Amino acid sequence: MVPIASPAVPEDDSTVEERLAIRLIREFEDLVHVERLEPPGSVPTPDWRIEMVDGRIADVEVVWDANEAGRRFESQLAEEHPDDDALVRWRSRKEWPDPRLSLVWDVEIYDYAPESNRCPAKELVEALIEVLVDVEARGGTPQEMVEAVGERLVDPRKHFDSHNWIAAWQRESARGIGYKEFLLRWGQQTGYWCPRLLVDEGEAPPRHILVWRASEPEGSAGGMVRTFPSVTDVAWGEYEHMLATVQGRINAKTDKRQMENAPSFRWLFVVLEPNLAAAQLDDYFGPAWLKPDAPKPSPYHVLDTLTFDYFDELWITGRAFHERAEIVLRLFKTGDAPQHKIVRRPEVLTS
């Protein structure tokens with residue numbers, strides 16, 4: 001292993017989540033060596049091998065709990081900027097210039113079921129631009145135009161309800177036309193602004209566009225649409241979704257058996273992205289729980305349902321939503337009491 005001259009994490013191909021994990025481990029352990037493990041050929045390895053000041057060695061596998069379907073959707077509508085200094089991922093609006101537009105339109109696009117929706121984001125934006133071009137041509141103040149666009153972006157169900165689509169479908173199906181093909185044709189014939197959303201409506205909650213504002217371009221920039229995605233999650237219970245999410249990551253990593261050659265301890269570090277699982281972690285284990293006057297009982301008993309026999313330790317972290325801090329839980333296969341810290345972001349970045 002290569003000794004580290006300073007407490008900084010070595011520069012390599014690691015992700016911000018993997019480097020964050022090492023920074024947080026330093027809040028619990030004094031590390032004298034950190035090595036980035038590279039898989040030899042196709043043999044999988046954990047991410048890090050660390051040596052502690054007392055001579056213990058642990059292999060650390062870091063897993064980022066990301067909604068893959070949601071991230072694919074978000075990547076189409078926003079620019080992602082991993083911040084190596086802040087150890088976070090920032091997102092900025094994606095620009096869609098169009099010479100036919102004279103204003104800058106800021107819109108948020110919601111996806112309630114990214115794993116099911118089929119309408120490509122690009123097609124959705126292109127259909128939106130056609131509406132915006134037409135609205136701009138009719139004139140009015142920017143606010144009036146925003147309202148006019150909102151009236152045009154009719155929900156698919158409302159469009160179905162305002163037309164006798166069943167009779168039209170019966171006629172077309174008698175001619176051998178498939179249902180999806182019918183919806184696309186019927187949507188065009190009835191002037192619906194994005195016929196592909198009519199197809200999605202029957203399979204999942206369709207994507208929804210909210211136009212926030214229209215403004216004059218700055219400097220030499222021309223008219224465009226600026227998009228920002230929003231993936232909406234739904235979960236029930238106080239902490240069940242968080243536990244199920246973590247257990248799912250444990251099971252997936254256990255199946256991969258990436259630590260067969262670990263010289264000593266095996267640690268799994270689960271990093272929750274800012275979603276409902278992280279929100280439940282914050283609710284149950286966030287800064288409010290560690291205050292001396294916290295009225296609620298200790299929540300640690302809920303962790304007993306987590307099983308991680310393949311690993312010696314399980315680490316869980318997520319962002320505290322109302323503070324610049326990371327919530328960190330450290331669980332032991334031995335059954336020792338969990339360790340729990342709220343690590344302030346400035347402390348993490350200087351460790």
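The following dialogue considers the cores, one central strand pairing and the salt bridges of a predicted model.

Visitor: Which residues have the most contacts inside the largest nonpolar core?

Guide: In soluble globular proteins, nonpolar side chains tend to be buried together. In this model the largest nonpolar core has 41 residues, and those with the most contacts inside it are W105, L128, V149, W193, I209 and V225. Helix α3 (residues 121-138) supplies the largest share of this core, 10 residues.

Visitor: Which residues does W105 touch, if those up to four places away in sequence are not counted?

Guide: Among them are L132, M145, V146, V149, V211, A214, M224 and V225. W105 also touches the charged residues E136, R213 and R226.

Visitor: How many residues does the second, separate core have?

Guide: That core has 31 residues, including W289, V302, A325 and L331.

Visitor: Let us turn to strands. Why is strand β3 described as largely enclosed by the rest of the structure?

Guide: Seven of the nine residues of β3 (residues 57-65) are buried, so the strand is largely enclosed by the rest of the structure. A general point helps in viewing any such strand: in a regular strand the side chains alternate between the two faces of the sheet.

Visitor: Do β2 and β3 run parallel or antiparallel, and how many bridges join them?

Guide: Strand β2 (residues 48-52) and β3 run antiparallel, joined by four bridges. One position to locate is E51, whose bridge partner in β3 is I57. The hairpin of these two strands has four residues between them, and within the hairpin G55 takes a positive phi near 95°.

Visitor: How many bridges join β3 to strand β9, and in which direction do the two run?

Guide: Eight bridges join β3 to β9 (residues 265-272), and these strands run parallel. A useful pair to display is V60 and W267, the latter in β9, which stand opposite each other.

Visitor: How many salt bridges does the structure hold?

Guide: Side chains of opposite charge can pair when their charged atoms come close. The structure holds 28 salt bridges. In one of them, the side chains of R249 and D65 meet at 3.0 Å, N to O. R249 lies in helix α9 (residues 240-256) and D65 in strand β3, so this pair ties together parts that are 184 residues apart in sequence.

Visitor: Are R249 and D65 buried or exposed?

Guide: R249 is partly exposed, with a relative accessible area of 22%, whereas D65 counts as buried at 8% relative accessibility. The cut-off for buried is under 20%.

Visitor: Which parts of the structure does the pair of D111 and R207 tie together?

Guide: In this salt bridge the closest N and O atoms are 2.6 Å apart. D111 lies in strand β6 (residues 104-111) and R207 in the loop between α8 (195-201) and β7 (208-215), so the pair ties together parts that are 96 residues apart in sequence. D111 is buried at 0% relative accessibility, and R207 is buried at 7%.

Visitor: By how much of a helical turn are D134 and R138 separated?

Guide: They are separated by about one helical turn, because they are four residues apart in helix α3. Their side chains meet in a salt bridge at 3.1 Å, N to O. D134 counts as partly exposed at 27% relative accessibility, and R138 as exposed at 65%.

Visitor: Which residues are linked in a network of salt bridges?

Guide: One such network links E29, D54, R56, E313 and R330.

Technical notes:
Residues are numbered from 1 along each chain as its sequence is written. This is a predicted model: local features need pLDDT of at least 70, side-chain atom pairs count only at pLDDT 80 or more; totals for chains, interfaces and linings use all residues. Side-chain values use heavy atoms; hydrogens and water are left out. A nonpolar core is a set of buried Ala, Val, Leu, Ile, Met, Phe, Trp, Tyr and Cys residues joined through side-chain atoms within 4.5 Å. Buried means under 20% relative accessible area, exposed over 50%, partly exposed in between (1.4 Å probe, protein chains only). Contact means heavy atoms within 4.5 Å. Two strands pair if DSSP finds at least two bridges between them. A salt bridge is a side-chain nitrogen of Lys or Arg within 4 Å of a carboxyl oxygen of Asp or Glu.
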